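User: I am new to this structure and should be grateful for a close look at one part of it, the second largest pocket. Please also place that pocket in its wider setting.

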Amino acid sequence: MHAALADPARLRITDTLADGDASPSELAALVTMPSNLLAHHLRVLQESGLVSRHRSEGDKRRTYLRLVPGALDVLAGAPGPPGRAATRVLFVCTANSARSHLAAALWRRASAVPAASAGTHPAESIDPGAIDAARRHELPLPRQRPRHLTDVRRDGDLIVTVCDLAHEELGGLAAVHWSVRDPVPGRDPAGFDAALAELAARVGRLAPRLSAAS
């Protein structure tokens, strides 16, 4: 692990992936690196267990790269100063019925920066599985009707997509992407718990890196 991170380029990649996931082409643009050189560095990071790759739930031809949860914990020191500023965090998924609502609720518990949620194709209501998962984990979940992104978005919002379909639909509009598996189709409480746990971990990593914009 230390050998893999000894290269400044690989440190830049892991730092870029610290906030969220990215496809190889998105990552190449973010770190301004040729694709062949990026592929080499990603191979080293994957072989060292720092980065993983998985298929998109939206465009099956696309893959997303992410930091392996907990892989850097052994190296983590005290949190540094916030690196971003936003007036509000706006979590977006397709239906705005589960993941985005849960992410916003988790964010409100972790940060003073305001949060909201929206969807690209809103459902009629919050999914009962999300409500039950929030209740199991004692997470306050406002019973808000799912809303469309265009009705919620404000200037200064930091948009975080928590759904591959929404991320691919929005293109470069999202500042951060979290590729979280959709628990709604399976209707399995364990799937909702897993999504909630992943969202909680990601909120815990991003919240200290974000400050309220003045």
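Analyst: A pocket, as the term is used here, is an open set of grid points where a 1.4 Å probe fits, with protein on both sides within 12 Å along at least five of seven lines. The model under discussion is a predicted one.

The second largest pocket has a volume of about 310 Å³. Its lining is made up of 17 residues, and those closest to the centre of the pocket are D21, A22, L30, A175 and V176. Three elements each contribute two or more residues to this lining, namely helix 1 (8-17), helix 2 (24-30) and strand 7 (176-177). Sorted by class, the lining of the second largest pocket comprises six charged, six polar and five nonpolar residues.

Strand 7 leads from the pocket to the sheet. This is an open sheet of four strands, in the order 5-4-6-7, and the pairing is parallel. Strand 7 and strand 5 (115-119) lie at the edges with a single partner strand each, so one side of each has no neighbour in the sheet. Further along, strand 4 (residues 88-93) and strand 6 (residues 157-161) run parallel and are joined by five bridges. Within this pair, R88 of the sheet stands opposite D157 in strand 6. Helix 4 (residues 99-110) packs on the sheet, where it touches strand 4 and strand 5, and its direction makes about 175° with that of strand 5.

An enclosed space may be set beside the pocket. The search of the whole structure finds one cavity of 30 Å³ or more. The largest cavity has a volume of about 50 Å³. D21, already named at the pocket, is also among the residues that line this cavity, together with L17, A18, D19, G20, R66, L67, R202 and R205. Strand 2 (63-67) and helix 8 (189-206) are the elements that give two or more residues to the cavity lining. By class, the lining of the largest cavity divides into five charged, three nonpolar and one polar.

These parts belong to a protein with eight helices and eight strands. Its radius of gyration is 17 Å, close to the 17 Å that the globule rule gives for 214 residues, so the protein is as compact as a globular protein of that length. The C-alpha trace spans about 50 × 40 × 30 Å along the principal axes.

Definitions and conventions:
Residues are numbered from 1 along each chain as its sequence is written. This is a predicted model: local features need pLDDT of at least 70, side-chain atom pairs count only at pLDDT 80 or more; totals for chains, interfaces and linings use all residues. Side-chain values use heavy atoms; hydrogens and water are left out. On a 1 Å grid over the protein atoms alone, a cavity is a set of points where a 1.4 Å probe fits but cannot get out, and a pocket is an open set with protein on both sides within 12 Å along at least five of seven lines; lining residues have an atom within 4 Å of a point. Grid points are joined across faces, edges and corners, and a volume is the space filled by probe spheres set on the points. Ala, Val, Leu, Ile, Met, Phe, Trp, Tyr, Cys and Pro count as nonpolar, Asp, Glu, Lys and Arg as charged, and the others, Gly among them, as polar. Two strands pair if DSSP finds at least two bridges between them. Contact means heavy atoms within 4.5 Å. Axes are lines fitted to C-alpha atoms, for helices over the stretch in contact, and angles run from 0 to 180 degrees between N-to-C directions. The radius of gyration is taken over C-alpha atoms; the globule rule is 2.2 Å times the number of residues to the power 0.38.
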